[in-house]
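Student: Could you take me closely through the aromatic rings of this model and the packing around them? I would like one connected account rather than a list.

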Amino acid sequence: MDQKNLVIVESPAKAKTIKKYLGNNFEVLASYGHVRDLVPKEGAVDPKHKFAMRYQILEKNEKHVQAIARALKKAGALYLATDPDREGEAISWHLTELLKDFNALDGKDVHRVVFYEITKNAIREAIQQPREISVDLVNAQQARRALDYLVGFNLSPLLWKKAGLPGASAGRVQSPALRLICEREEEISKFVAREYWTIDADAQKAAQTVPSRLIEYGGEKVEQFTVTNEAQANDVRAGIEKAAGGLLSVASIDRKQRKRNPAPPFTTSTLQQEAARKLGFGAQRTMRTAQQLYEGVDFGEGAVGLITYMRTDSVNLANEAITEIRQVIEKMYGRDSVPEAPRVYKTKSKNAQEAHEAIRPTSASITPERLEGKIDPEQLKLYSLIWKRAVASQMEPAVYDTVAVDLVPGKSAKREGAAAVLRANGSTLVKPGYIAVYKEGLDDVADDDNDRILPPLQVGDELKLLEVRPEQHFTEPPPRYSEASLVKALEEYGIGRPSTYASIIQTLTNKKYAELLNKRFFPTDLGKLVNKFLTRNFEHYVNYGFTAKMEDDLDEIADGREQWVPVLDKFWKDFKHQVDFVDKSVTREDVSEARELGKDPVTGKPISVRYGKYGPFVQMGTKDDEEKPKFASLRPHQRMDSIVLADALELFKLPRTLGHMPDGKPIRVAIGRFGPYVQYGDKKYASIKDDDPYTVELPRAMELIQAKEELDANRIILDFPEAGIQVLNGRYGPYITDRVKNAKIPKEREPKTLTLDECKELLAAAPVRRGRFGMKKAAAKTVAAPAAEAKEKPLKAAAKTATKPAAKKTATAKAPTKKAPARKAKAAPAKSAKSKKPGK
């Protein structure tokens, strides 16, 4: 019997969908995303040795790699079908490197296959047209990863050391994005509102009201700040009313027909923006749902990929897709809705992948109505948005009849010499075109396309003046970024790429550099401090132009026009010099954002606001005083740059003593690292969640204490204080703990009957809890720069590299000579980086 071919994709959902299209000769397995990454410690990227990179297998995916290796040994060929972008290319390469370590590639043909939609035709066509792994794409991704590592592992420690911000981090892309949010906040704080007035008038013709606005007065054009106070506005109103004598006359009529063309189909950025506006989806939620639609959804016909690949900056559509969309438009909306020629859109993004497609339905014939009640409501909402946008993009424009009527006060219909000119605008949708399907949303912009139908009017017609209405306005500061407008700004500045927008936003909120309030980004005190430190000391590297230039360089590497090591080298020399300079010359006092608020009226000691290990706080006194300074944390709504002395003095009212327990222990209210609490014994605490610690009184505190005592009584099953061991009720049932290890309790044992010796025995047999990142400290693989360059300085570690074949003879990558697995070794064997032969 012939051996099966093994196909590797990134997710099990995708594997399930693809399997049904390939038949029995193919086995489809998932890598479950990335299979290895840089070791999470210093030295993972070595600039001294051509930026050699030390990788290790991700523990969470090790079992999946082993399963792939076992399956491959029985298979005839390996088809790598990871996502069609740099990241997907890198995953395929990393996987092949690991499979070599498992000795699973010996004698196997290796193919890279790429498709942008999970449909029968696309999958089969990709399998029939394989290629080799693109070394350029892999090296572009390696360069990106190395850049991110070098920036993070050099700037983050400086933030801890110089700015006193333990746990803070800086990133090549996240830091310019944070700068955008902080600079917008500064604009808002410095903004000074200006007063201005508009003058509107209501007239009447044939029982219909005609609203108008003043555009000229006294022979001068009316601008935004022509009328700036109430007195002026009243003078203008009086002037119009006096000249009108109760009438307005039609001086001129301008009729036009206006066409509005549809927006292009979605890119990653525009999908995230529109899903935020229309559906209220965050970027992460949008991408997660789009991934599900791409990988395959079962709506009664088995799993089917409903949309094309969702990480793209192209607005192109395939010719076959356009043909099908035009057929659907004609069938559903009539032939008049189909333009004579298909619409062609050009991508504005400088480095857009034109070979890619925009996000569209894999089949326009699968209408949202067909899916109602058959797929998840969230998936249906996003699919409907994508389907409507793609279909609308190939439809006729919307056509409006517009009319602008200029009115002058009094019976004269002449504009010349008139005391004032008021304009009435009307608009009528005469041909809906694409609007019958879809209308694009806008950020922070009023929609002016609502129909306003004016009565039939002719030059010289007289209208009854009903009222002249002055209205006061004030200019408004620029709006804070929403998720949609932030994604748009990131794209416009060239910060990041389609696949990174969602993760940038998630990082900013997860790191607590910014928070989303009412769907708008507010920088936190921590975010402002990090941004100030970086913009003062590393302005060049958080500059929008520099960040965009680095993205361009990565694109050049991906296209084979640049080599990745020289690009990294050029960046690293200047960057390392600046890091060393800041480390030597900048002190913590230089970057401290401490601000004195005034003096304590009782003690005369200075009161300042600062940022510390656990967040912003106020301090009474200095470190040089004989008496230790007092500290108090800021409340959640308070900000370092706006708090005043009176607010700070209130904060020092904590801790408060409310009373005493029956045993004489004081009951105090205070705020700690994890929030406000009531202390009612030496080590007894009850959290305060919904009450204000500054106003809570003794009866309420006693309620909290009683609730905590009851909770503890129910949680602790057994307590062996002499051994530091407890049997507790946990989230997933009873367990034993000594604060270092947790042990499961055998199902047949009653927790209450356990003895101390039994607890010790079960704890001794329990595994040690995993550390951060959930990674084993296993052997790391070192990957050097391209082998031809690495000859100059041999690595003192096992060297792996992505090398470009000299010529494309076939689409098959041959396996290299057998080598022992290095996956678990404590140190990689000494070996120099040598050039591989073409095709090896």
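Tutor: In this predicted model, a natural place to begin is a cluster in which ring pairs link Phe-533, Phe-538, Tyr-541, Phe-546, Phe-571, Trp-572 and Phe-575. Within that cluster, the rings of Trp-572 and Phe-575 form a tilted pair, with 6.2 Å from centre to centre and 50° between the planes. Trp-572 and Phe-575 both belong to helix α17 (residues 564-585), and because they are three residues apart there, about one helical turn separates them. Trp-572 and Phe-575 are both buried.

Another member of the cluster, Phe-538, leads to the nonpolar packing, since it is named with Leu-306 and Val-618 as having the most contacts inside the largest nonpolar core, a set of 175 residues. Helix α5 (residues 135-162) supplies the largest share of this core, namely eleven residues. Leaving aside residues up to four places away in sequence, Val-618 touches Leu-597, Ser-608, Val-609, Lys-630, Phe-631, Ala-632, Leu-634, Ile-643, Ala-648, Leu-651 and Phe-652. There is also a second, separate core of 24 residues, which includes Trp-197, Ala-424, Leu-457 and Leu-463.

Returning to the rings, the model has 16 aromatic pairs. One of them joins Tyr-196 and Phe-225 in an edge-to-face arrangement, at 5.9 Å centre to centre and 80° between the planes; the angle is over 60 degrees, which is why the pair counts as edge-to-face. Tyr-196 lies in strand β8 (residues 195-205), whereas Phe-225 lies in the loop between β10 (220-221) and α7 (230-244), so this pair ties together parts that are 29 residues apart in sequence. Tyr-196 is buried, at a relative accessible area of 17%, while Phe-225 is partly exposed, at 27%.

Charged side chains meet aromatic rings as well. Arg-184 lies over the face of Tyr-481, 4.3 Å from the ring centre, and the charged end of Lys-278 sits over the ring of Tyr-438, at 5.2 Å from its centre.

Aromatic residues also take part in a contact between helices. Helix α10 (residues 319-333) packs against helix α12 (residues 377-392) with the axes 9 Å apart and at an angle of about 95°, and the two helices are therefore roughly perpendicular to each other. On the α10 side the residues are Ile-325, Val-328, Ile-329, Met-332 and Tyr-333, and they meet Trp-387, Ala-390 and Val-391 in α12.

Methods: Residues are numbered from 1 along each chain as its sequence is written. This is a predicted model: local features need pLDDT of at least 70, side-chain atom pairs count only at pLDDT 80 or more; totals for chains, interfaces and linings use all residues. Side-chain values use heavy atoms; hydrogens and water are left out. Rings of Phe, Tyr and Trp (its six-membered ring) pair if their centres lie within 6.5 Å; planes under 30 degrees apart count as stacked, over 60 as edge-to-face and the rest as tilted. Helices (H or I, at least four residues) and strands (E, at least two) are DSSP runs, numbered from the N terminus. Buried means under 20% relative accessible area, exposed over 50%, partly exposed in between (1.4 Å probe, protein chains only). A charge sits over a ring if NZ of Lys or CZ of Arg is within 6 Å of the ring centre and within 35 degrees of the ring normal. A nonpolar core is a set of buried Ala, Val, Leu, Ile, Met, Phe, Trp, Tyr and Cys residues joined through side-chain atoms within 4.5 Å. Contact means heavy atoms within 4.5 Å. Axes are lines fitted to C-alpha atoms, for helices over the stretch in contact, and angles run from 0 to 180 degrees between N-to-C directions. Angles under 35 degrees count as roughly parallel, over 145 as roughly antiparallel, 65 to 115 as roughly perpendicular and the rest as oblique.
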